[in-house]
Amino acid sequence: MKKLLTALALFALPILASAQIENPVKWSFTSKKVNATTYEVHATATIESGWHLYAQEAGEGPVPTSFKFAKNPLVAADGKVKENGKLHKSFDKNFNSELKYYENTVNFVQTVTVKGKAATKVKGTVEFMVCDDHQCLPPKEVEFAVSVGGK
């Protein structure tokens, strides 16, 4: 009987441990055709209530949201990643800095130009950090791939 209980406990531990991992941000990645060669790549973060996601220019302390795009000879980025959402600013005594962040949802948009007529993908990663009133979670990196070009 002891062996059975021990075995059940060992099988239950990974399930219980994975239930503890918090993931208060859900990402979706899409592209929108602007004209024959120009696309907008959208990275939309949906943030659970009570949490906030830091802006690209967050302030001193937390890890800001940042994008790294993989090199693709068929795609050229136009300008910087833009942020569309309700930007909040407040002084955070933990970081001793005025911080910029988003709650609920934010849409990051990168305009790209596609060279040629072939379909291709814009690939990369987004690194971000979220906090609530009591804790900050370690920075996370999420990979993405979005189709652009073609007919």
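1. Phe108 contacts Trp27, Val41, His42, Ala43, Leu53, Gln56, Thr65, Phe67, Val81, Lys82 and Glu83, leaving aside residues up to four places away in sequence. Contact means heavy atoms within 4.5 Å.

2. This is a predicted model: local features need pLDDT of at least 70, side-chain atom pairs count only at pLDDT 80 or more, and totals for chains, interfaces and linings use all residues. Residues are numbered from 1 along each chain as its sequence is written, and side-chain values use heavy atoms, with hydrogens and water left out.

3. The largest nonpolar core (buried Ala, Val, Leu, Ile, Met, Phe, Trp, Tyr and Cys joined through side-chain atoms within 4.5 Å; buried is under 20% relative accessible area with a 1.4 Å probe, protein chains only) has 26 residues. Trp27, Leu53, Phe67 and Phe108 have the most contacts inside it. Strand S2 (38-47) is among the strands supplying at least two residues. S2 gives the largest share, 5 residues. Strands are DSSP E runs of at least two residues, numbered from the N terminus.

4. A second, separate core has 6 residues, including Leu99, Tyr101, Met129 and Cys131.

5. The largest pocket has a volume of about 350 Å³. A pocket is an open set of points on a 1 Å grid over the protein atoms alone, where a 1.4 Å probe fits, with protein on both sides within 12 Å along at least five of seven lines; lining residues have an atom within 4 Å of a point. The volume is the space filled by probe spheres set on points joined across faces, edges and corners. Of its 21 lining residues, His52, Asp92, Cys131, Asp132 and Asp133 are closest to the centre.

Technical notes: Buried means under 20% relative accessible area, exposed over 50%, partly exposed in between (1.4 Å probe, protein chains only). Helices (H or I, at least four residues) and strands (E, at least two) are DSSP runs, numbered from the N terminus.
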